[in-house]
Amino acid sequence: MELRSFGNTDIQVSPLGFGAGHIGSDDLSDQEASYILHQALDTGIRLFDTARGYGLSEKRLGQFLKQRRHDVVLSTKVGYDVPRTEDWTFQAVAGGIDQALLTMQTDFIDIVHLHSCSKEILAQDDVIEALERAKQAGKVRLIAYSGDREDLDYAITTGRFDSFQTSVNLYDQRALTDLIPLIHQQQKGIIAKRPIANAPWRFASRPAGQYVEPYWERAQQLDFPLEEASWLETALRFTVFEPGVTSAIIGTANAEHLVQNIRLLEKGPLPAERVADLKRRFQEQDENWLQQT
């Protein structure tokens, strides 16, 4: 894959990133997780995104990175679950970074996000300060925020973050209207999470217990014609080639899916008229949703 510049930095990332949540599962062996990670890198993926809350993910990435650290742009998320420390405090963020460095057996982390905390927590200032001090100490290259809507809006207005991660997909296009253009104008990196909306087309009836329910409900209301492409192809090409999106992260425990996704992206962007139609349909329905709430 052709690499993209991450904002105005010298970091280069692949348009498709690897979401490492799946490899943190106890249902996957260490060997299976290692195979998936090596396959991802071998297919051209360079951005690997994990989090403190992803089970065994950071530990398994640490084993993988022993020989290939400089081939990878490493991203994680912090702010919680540090022993004997209150969540969303200076100590929780600083401690989470230090523990991530040890767990992933690396001297630095390329991108560290605050993991979807509220604007009220951001306003307390100490969590951002903890990131800034870690960057000054050389533990972190870029400090970032992962979140959506008004919390993301507030994070942008602070002017203190180097990059952002937010939801962008066919069924959640709200960030495309103003937030992503604003971030892009500031020459900062943008990582799109949930780029295929957790694939709601897999379910004939409303799913339960998975973070796909709201996307499934929207899919029922939106009249998106398939035309020439599958849902996966339409969703993936829509998000990855949206102006301003630097990389889109997808997680999987199936190496064949990695190859399939790469092949779909080799087709390039969707036709401009197709993208315009998908955006128009969403905007019309979104206005109806807002009027009803």
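**Close-up views of a predicted model**

**View 1. Strand 7 and strand 8 run in the parallel sense.** Strand 7 (residues 140-146) pairs with strand 8 in the parallel sense, over 3 bridges. This is a predicted model. One residue pair can be picked out here: S146 has Q165, in strand 8, as its bridge partner.

**View 2. Strand 8 is covered on both faces.** S163, Q165 and S167 lie on one side of strand 8 and are buried. F164 and T166 lie on the other side and are buried too. Buried here means under 20% relative accessible area. Strand 8 covers residues 163-167, and 5 of its 5 residues are buried, so the strand is largely enclosed by the rest of the structure. Q165 thus appears in both views: it is the bridge partner of S146, and it is buried in strand 8.

**View 3. The fold around the strands.** The protein has 12 helices and 10 strands. Its radius of gyration is 19 Å, close to the 19 Å from the globule rule for 293 residues, so the protein is as compact as a globular protein of that length. The C-alpha trace spans about 50 × 40 × 40 Å along its principal axes. Of contacts between residues at least 6 apart in sequence, 74% join residues at least 24 apart.

**View 4. Burial, surface and charge.** Of the 293 residues, 53% are buried. The accessible surface comes to about 13400 Å². Carbon and sulfur atoms account for 46% of that surface. The protein carries 31 positive and 42 negative charges. The mean positions of these two sets are 2 Å apart.

Definitions and conventions: Residues are numbered from 1 along each chain as its sequence is written. This is a predicted model: local features need pLDDT of at least 70, side-chain atom pairs count only at pLDDT 80 or more; totals for chains, interfaces and linings use all residues. Side-chain values use heavy atoms; hydrogens and water are left out. Helices (H or I, at least four residues) and strands (E, at least two) are DSSP runs, numbered from the N terminus. The radius of gyration is taken over C-alpha atoms; the globule rule is 2.2 Å times the number of residues to the power 0.38. Buried means under 20% relative accessible area, exposed over 50%, partly exposed in between (1.4 Å probe, protein chains only). Contact means heavy atoms within 4.5 Å. Accessible areas come from the Shrake-Rupley method with a 1.4 Å probe; for residues, only the protein chains shown count as cover. Lys and Arg count as positive and Asp and Glu as negative; His and the chain ends are not counted. The place of a charge is taken as NZ of Lys, CZ of Arg, CG of Asp or CD of Glu. Two strands pair if DSSP finds at least two bridges between them.
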